[in-house]
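Good morning, colleagues. I should like to take you through one structure today, from its overall build down to single residues. Please keep the sequence and the model in view as I speak.

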Amino acid sequence: MNLSNQFQANSLVLEAKQRYMALSSRDQIAVKLLMILLVFVIAYFGIWRGAQGYLAEAKLDWQSEKQIFQELKEHEVKLRQIAQQARPNINDEDEQSLLTLVGSSAKQSGVTLQRFEPDSSSGGVRVTLTEVQFKQAIGWLYTLSESHQINVDDITIEKQSEAGIVNLRLTLTD
């Protein structure tokens, strides 16, 4: 028995249907009009008013976000100066210490660097590792991140034919 048949077989539905059929044609028209009005009232309060409330809330949120954006725009130069002061300038000495740190930590971790050199675009170090154990390389990168706050800016990993062996090209920044 499908849902429609179950609904029509319901005693309340049958009773309502009998009462409706017992009404005069004018009363039936009045009931139909009242039902249409009821549908509109439910649609208005259930859907339209809810959507209008959501729209009003969204407008308030948008105005608040717009105000914050305007304030940030007004103070953009000052904020950039503060951010620049908070981040130390990378000079040759800092770059050299990053190179030294990368080289020495790789040696301590047992990772052989194929090639590593300064990367002028990121201010970091470009590193190439060939035929290295994946777990060993990830362990070394984890140590750099946790102990020295050196982050991987960009990485390319190529799987080799031997299981667990990879080639890596990456850029490290502090």
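The secondary structure of the protein consists of six helices and four strands. Here helices (H or I, at least four residues) and strands (E, at least two) are DSSP runs, numbered from the N terminus. Starting at the N terminus, the order of the elements is α-α-α-α-α-β-β-α-β-β.

Two remarks on the basis of the values. This is a predicted model, in which local features need pLDDT of at least 70 and side-chain atom pairs count only at pLDDT 80 or more, while totals for chains, interfaces and linings use all residues. Residues are numbered from 1 along each chain as its sequence is written, and side-chain values use heavy atoms, with hydrogens and water left out.

Let me turn to the overall dimensions. Taken along the principal axes, the C-alpha atoms of the protein fill a box of roughly 100 × 55 × 25 Å. The radius of gyration of the protein is 35 Å, whereas a compact globule of 174 residues would have one near 16 Å. That radius is taken over C-alpha atoms, and the globule rule is 2.2 Å times the number of residues to the power 0.38.

The accessible surface of the protein is about 13,800 Å², and 56% of it belongs to carbon and sulfur atoms. Such areas come from the Shrake-Rupley method with a 1.4 Å probe, and for residues only the protein chains shown count as cover. Of the 174 residues, 17% are buried. By buried I mean under 20% relative accessible area, by exposed over 50%, and by partly exposed anything in between (1.4 Å probe, protein chains only).

As for contacts, meaning heavy atoms within 4.5 Å, consider those with a separation of 6 or more: residues 24 or more positions apart account for 45% of them.

Now to helix α3. What span should the 50 residues of α3 have, at 1.5 Å a residue? The expected span is 1.5 Å times one less than the number of residues. For α3, residues 25-74, this gives 74 Å, and the end C-alpha atoms are 71 Å apart, which agrees.

Helix α3 does bend, by about 35° at Tyr 44. The bend at a residue is the angle between axes fitted to the seven residues ending there and the seven starting there.

Tyr 44 also takes part in an aromatic pair, and the count of such pairs comes to one. The ring centres of Tyr 44 and Phe 45 lie 5.0 Å apart and their planes stand at 80°, so this pair is edge-to-face. The rule is that rings of Phe, Tyr and Trp (its six-membered ring) pair if their centres lie within 6.5 Å; planes under 30 degrees apart count as stacked, over 60 as edge-to-face and the rest as tilted. Tyr 44 is partly exposed, at 39% relative accessible area, while Phe 45 counts as exposed at 52%.

Some distances give a sense of how the chain is laid out. Ala 30 lies in helix α3 and is partly exposed at 35% relative accessible area. From Ala 30 to Asn 167, 137 residues away in sequence, the C-alpha distance is 81 Å. Ala 51 also belongs to helix α3, and its C-alpha atom is 57 Å from that of Gln 133, 82 residues away along the chain. Ile 82, in helix α4 (residues 76-86), is 33 Å from Ser 104, C-alpha to C-alpha, with their positions 22 residues apart in sequence.

Next, strand β4, residues 165-173, where Thr 173 lies. Is Thr 173 buried or exposed? With a relative accessible area of 13%, Thr 173 is buried. Leaving aside residues up to four places away in sequence, Thr 173 touches residues including Ser 122, Gln 149 and Asn 151. Thr 171 is placed in strand β4 too, and is buried at 9%. With that exclusion again, the contacts of Thr 171 include Ser 122, Val 125 and Asn 151.

Finally, the backbone. Most residues other than glycine have a negative phi. Glu 131 has a positive phi of about 45° although it is not a glycine. Glu 131 is placed in strand β2, residues 124-133, and is exposed at 61% relative accessible area. Gln 149, likewise a residue other than glycine, has a positive phi near 55°. Gln 149 sits in the loop between α6 (134-148) and β3 (151-159).
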